Amino acid sequence: MKNRHTAGGRTCRFKESSMPEVRVRFPPSPTGYLHIGGARTALLNWLFAKKTGGKLILRIEDTDEERSTSASIDGILDGLTWLGLDWDEGPYFQSEFAADHLRAAEQLIQSGHAYKCFCTKEELESKRDAAMTAKVDVKYDGTCRNLSSKEIEAREKAGIPSVIRFKVEKKEGVVGYDDKVLGRIERRYDDIEDFVIVRSNSKPLYLLCNVVDDIRDRITHVIRGQDHMTNTTRQVLLYEALGAPVPIFAHMPLTLDLQKRKISKRSHGEIVAVQFYRDRGFIPWALCNFLVLLGWNPGDDREIFSREELIEAFSLERIGRTNSIFNYRKDDPKFFTDPKAIAINSHYLRTMPIAEIGHMVKKHFQEQRLWHDDYDTSRREWFLATLELIRERFHTINDFSAGGRAYFADDFAIDPQSLAKNILKHPELIGWFPQLAERFSALQVFDKESAEAATREMAEELGIKPGILINGMRTLLTGQLAGPGMFDVLAALGREKVATRLKGIYRLYK
RNA sequence: GGCCCCAUCGUCUAGUGGCCUAGGACGUCGGCCUCUCACGCCGAUAACAGGGGUUCGAGUCCCCUUGGGGUCACCA
């Protein structure tokens, strides 16, 4: 670990005490959905803002018009909102500040930090291809770097289009910055080519826009992925040429797939979109909790954090340096996403206050047309008690309408394995269950204890193991092979429903 | 190929020279519990990429090799 904790260097020009308010930003480009990598970036920025009492600015980098539709912007906003990551300013739209970007480019030309370049795209591409195949460094050769004003004028008169390039000083030495997670990062001036900052159609490029916007938004800390590292050295040059203070950078490690490829919707599908997790019944905070653990840890053994705990524990210095792997196997029959993500979600599912679970289930049930308004009023107690009863073996909110369907509706499916094992193997049940229903009906009160007593009594009279009756009921009444203690289930279902279903046993043999 | 970054169990990770015969979590496999399954609890499995240094002592510092990743656009 080198220089990791050194505060020196040009990136730190403020004393702690006079440190201005922390301002961080999340600048997604509109892609129609929030990528989990983006969500993780947003989360760390959000945490840092909360931790320091600073501000999080949301800025949509929409300078690529093609993909900047309002729907694709909403996709990003929806994802952030669902995760509970709120922002203090914005969303700002980069496209609205084109004048700022161009003014900055003009300023750079005036100050001799940039120049017009008339090389054509085709020329450059062929040079680049040649360099690539020759396996030598691919850099702009500086053809237009020292054009005289006369030469420039002549070309402009001739109508030759030009781009604006940043003029990297030809000198020995390095540009560098002190990265909060990586330590001192340096790159030789000589290794940096004169990069384009404005296109020939006068549209400014990301490298410039990003810096100009960050200066205007008074961003103090840039927390982003390591894939931006080569941008950073060039951007430091831009800050300096523009006479602006350089923010503090923190480059977080990337998240890759099992083959160590970048995860993308193109190659991995919906699994990379935050929306997928919402649709699959994830608890928003559980996803955040999982995501933050990819490349960060508190330094002790804790892994589950409330919001407040995470904010308290968070620090840039504890962000790791190694890329992590999103442990997901396509078509895994057991885990539809990273097993740890599911484990964390399950943990929240069984430990959160039941009323909060109830709230999420309500939303889900409304979508599934399983909701009844009296679950909020007269049957609220029953509703929550039932959720409490069944949540322990569930992994997502969606499980309440799938495996838990029998508690809330009659159109539940019977698990074939369960059917074979607990029902078809014991054809006598076709006679026994209606009889058991009668016994239940005759009970003074129908509750866990009385139902158990009646069941065991009958089993004893028949000379069979109680399990035959119990497991048969589990299949018939819940459709499941496994579940909560059966007498709790009976109580939750209620006498009528139990009796009706027991009498309908014959249907399973057809 | 140039430049930059990285390297501990299958996965997420702890580890800042002696507390490491390397800890935790997820997963996996056993066991207890039990009407089933789960939870819970108990136990097991499994890692310092390789080679040189430095040091009394190295997972921890240095160098090399290997491996992986990022990036090299008039995308963001």
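This is a short talk about how a protein chain meets RNA strand B in a predicted model, and about three places where its helices pack together.

Hi everyone, thanks for coming. Please keep in mind throughout that we are looking at a predicted model.

Let's start with the RNA. Which residues come nearest to RNA strand B? There are 66 residues around the strand, and the nearest are Arg199, Asn297, Glu303, Arg393 and Ile470. On the RNA side, sugar and phosphate make up 74% of the strand B atoms that come within 4 Å of the protein.

Three individual contacts are worth finding on your screens. At Thr63, a polar side-chain atom sits 3.3 Å from a phosphate oxygen of RNA strand B. At Gly295, a polar backbone atom is 2.4 Å from a phosphate oxygen of the strand. And at Glu392, a backbone N or O atom lies 3.2 Å from a sugar or linking oxygen of RNA strand B.

Where does this surface come from in the fold? The elements that contribute two or more residues to it are helix H4 (121-133), strand E7 (183-188), helix H7 (229-241), strand E12 (324-325), helix H12 and helix H18 (466-478). H12 gives the largest share, with four residues. If you like to think in residue classes, the surface near RNA strand B has 23 nonpolar, 17 polar and 26 charged residues.

Now, stay with H12 for a moment, which brings us to helix packing. In general, a pair of packed helices is described by the angle between their axes and the distance between those axes.

H12 covers residues 339-351, and it packs with helix H10, residues 284-292, at an angle of about 135 degrees, with the axes 9 Å apart. Those two helices are therefore oblique to each other, and H10 passes H12 in a right-handed crossing. Who touches whom? From H10 we have Trp285, Ala286, Asn289 and Phe290, and they meet Lys340, Ala341, Ile344, Asn345 and Tyr348 in H12. By class, this contact of H10 with H12 has six nonpolar residues, two polar and one charged.

The second pair is helix H16, residues 429-442, with helix H20, residues 495-503. Are they parallel or antiparallel? The angle is about 160 degrees and the axes are 8 Å apart, so H16 and H20 run roughly antiparallel to each other. The crossing of H16 past H20 is left-handed. H16 brings Phe433, Pro434, Leu436, Ala437, Glu438, Phe440 and Ser441, which meet Arg495, Val498, Ala499, Leu502 and Lys503 of H20. Eight residues in this contact of H16 with H20 are nonpolar, one is polar and three are charged.

The third pair is helix H17, residues 448-462, and helix H19, residues 486-493. Their axes lie 8 Å apart at an angle of about 120 degrees, so H17 and H19 are oblique to each other. H17 passes H19 in a right-handed crossing. The residues involved are Lys448, Ala451, Glu452, Thr455 and Arg456 on H17, and Phe487, Asp488, Leu490 and Ala491 on H19. In this contact of H17 with H19, four residues are nonpolar, one is polar and four are charged.

Before we finish, here are two backbone details to look up. What is the geometry of the peptide bond from Gly90 to Pro91? That bond is cis, with omega near 5 degrees, and Pro91 belongs to strand E3, residues 89-93. The other detail is Ser202, which has a positive phi of about 75 degrees although it is not a glycine. You will find Ser202 in the loop between strand E8 (196-198) and helix H6 (206-216).

If you remember one thing about the RNA surface, let it be H12: this helix gives the largest share of the surface near RNA strand B, and it also packs with H10. Thanks, everyone!

Definitions and conventions
Residues are numbered from 1 along each chain as its sequence is written. Chains are lettered from A and ligands numbered from 1 in the order in which they are written. This is a predicted model: local features need pLDDT of at least 70, side-chain atom pairs count only at pLDDT 80 or more; totals for chains, interfaces and linings use all residues. Side-chain values use heavy atoms; hydrogens and water are left out. Axes are lines fitted to C-alpha atoms, for helices over the stretch in contact, and angles run from 0 to 180 degrees between N-to-C directions. Angles under 35 degrees count as roughly parallel, over 145 as roughly antiparallel, 65 to 115 as roughly perpendicular and the rest as oblique. A crossing is left-handed if the near helix is turned anticlockwise from the far one by less than a right angle, and right-handed if clockwise. Contact means heavy atoms within 4.5 Å. Ala, Val, Leu, Ile, Met, Phe, Trp, Tyr, Cys and Pro count as nonpolar, Asp, Glu, Lys and Arg as charged, and the others, Gly among them, as polar. A residue is near a molecule or strand if one of its heavy atoms lies within 4 Å of it. A polar contact is a pair of N or O atoms within 3.5 Å; within protein, one must be able to donate a hydrogen and the other to accept it, and residues adjacent in sequence count only if both atoms are side-chain atoms.
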